[in-house]
Amino acid sequence: MTSDNRSRRIVVGYDGSPASRAALAHAARRAGEEGQIYIVHAYSLPSDWLGAVNYQELMGFAQERAQALLDRIEYESGADLAGVEWETELMGDAPAPAIARVAKVRHADEIIVGTRGFGRARALFGSVAHELIHLAECPITVIPERVVALQETRETTGATS
């Protein structure tokens, strides 16, 4: 865990969804000016049954699309990240193993992810947050998308908690 002589290291799973943007903002607040955030986006690898030529083309397309998502972070979340050290990690893998691996390699103090909250049907097949519980070697904070929507409604209407 964090000690006084080391800044917080936080890994954030990012897919561009409102919940992942909220997770990133939460991570920036938790890390503070002395902390470091590692923003991880994992993209699906194409199937290799299409052959080498098609595989390379599909792989290039997947990487470009994933990198474009990461390139938008500063534009979309720049205010949240002001004064915080951060870098991105692009990984061709399933999200949960990629996030857990980056957290382990970077000696993270915490992982923060958003969840879209697809409900019980999705839970039968698994979710990134659920899988991380079994893979991660550090605490995990999950930001549900419904909480993000509720906060946005409160801000729009001027309601307080």
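Me: What makes L24 a residue with many contacts inside the largest nonpolar core?

Reply: In this predicted model, L24 touches V12, Y14, I37, I39, I73, S77 and L81, leaving aside residues up to four places away in sequence. The largest nonpolar core has 19 residues, and L24 is listed among those with the most contacts inside it, together with V12, Y14, I37, I39, I73 and L81.

Me: Which elements give two or more residues to this core?

Reply: They are β1 (9-13), α1 (18-31), β2 (36-43), α2 (52-71) and α3 (73-81). The largest share, six residues, comes from α1. Apart from this core lies another, of 17 residues, including V11, Y38, V40 and A108. As a general point, nonpolar side chains in soluble globular proteins tend to be buried together.

Me: How do you know that α1 and α3 pack against each other, and which residues meet?

Reply: Their axes are 9 Å apart, at an angle of about 35°, and the crossing is right-handed. From α1, R21, L24, A25 and A28 meet I73, E76, S77, D80 and L81 of α3. By class, this contact has five nonpolar, one polar and three charged residues.

Me: Why is α4 called oblique to α6?

Reply: The axes of α4 (95-105) and α6 (residues 128-135) come within 9 Å and cross at roughly 45°. Angles under 35 degrees count as roughly parallel, and 65 to 115 as roughly perpendicular. The value of roughly 45° fits neither range, so α4 is oblique to α6. The crossing of these two helices is right-handed.

Me: What makes up the contact of α4 with α6?

Reply: On the α4 side there are P95, A96, P97, I99 and A100, and on the α6 side V128, E131, L132 and L135. By class, that gives eight nonpolar, no polar and one charged residues.

Me: Which residues of α4 are buried, and what covers them?

Reply: The buried residues of α4 are A96, A98, I99, A100, V102 and A103. Their cover includes β1, β2, β3 (85-92), β4 and α6.

Me: Why is H107 called exposed?

Reply: Exposed means over 50% relative accessible area. H107 has 53% relative accessibility, so H107 counts as exposed. H107 is found in the loop between α4 and β4 (110-115).

Me: What makes the phi of H107 worth noting?

Reply: Most residues other than glycine have a negative phi. H107 is a residue other than glycine, yet its phi is positive, near 55°. This value comes just after α4.

Me: Why is S17 called buried?

Reply: Buried means under 20% relative accessible area. S17 stands at 8% relative accessibility, so S17 counts as buried. S17 lies in the loop between β1 and α1. Setting aside residues up to four places away in sequence, S17 touches R116 and E145.

Me: How do you know whether M59 is buried or exposed?

Reply: The relative accessibility of M59 is 12%. The cut-off for buried is under 20%, so M59 counts as buried. M59 is found in helix α2, and M59 touches Y43, L45 and P46, residues up to four places away in sequence not being counted.

Me: How many residues apart along the chain are M59 and G92?

Reply: M59 and G92 are 33 residues apart along the chain, and their C-alpha atoms are separated by 9.0 Å.

Notes:
Residues are numbered from 1 along each chain as its sequence is written. This is a predicted model: local features need pLDDT of at least 70, side-chain atom pairs count only at pLDDT 80 or more; totals for chains, interfaces and linings use all residues. Side-chain values use heavy atoms; hydrogens and water are left out. A nonpolar core is a set of buried Ala, Val, Leu, Ile, Met, Phe, Trp, Tyr and Cys residues joined through side-chain atoms within 4.5 Å. Buried means under 20% relative accessible area, exposed over 50%, partly exposed in between (1.4 Å probe, protein chains only). Helices (H or I, at least four residues) and strands (E, at least two) are DSSP runs, numbered from the N terminus. Contact means heavy atoms within 4.5 Å. Axes are lines fitted to C-alpha atoms, for helices over the stretch in contact, and angles run from 0 to 180 degrees between N-to-C directions. Angles under 35 degrees count as roughly parallel, over 145 as roughly antiparallel, 65 to 115 as roughly perpendicular and the rest as oblique. A crossing is left-handed if the near helix is turned anticlockwise from the far one by less than a right angle, and right-handed if clockwise. Ala, Val, Leu, Ile, Met, Phe, Trp, Tyr, Cys and Pro count as nonpolar, Asp, Glu, Lys and Arg as charged, and the others, Gly among them, as polar.
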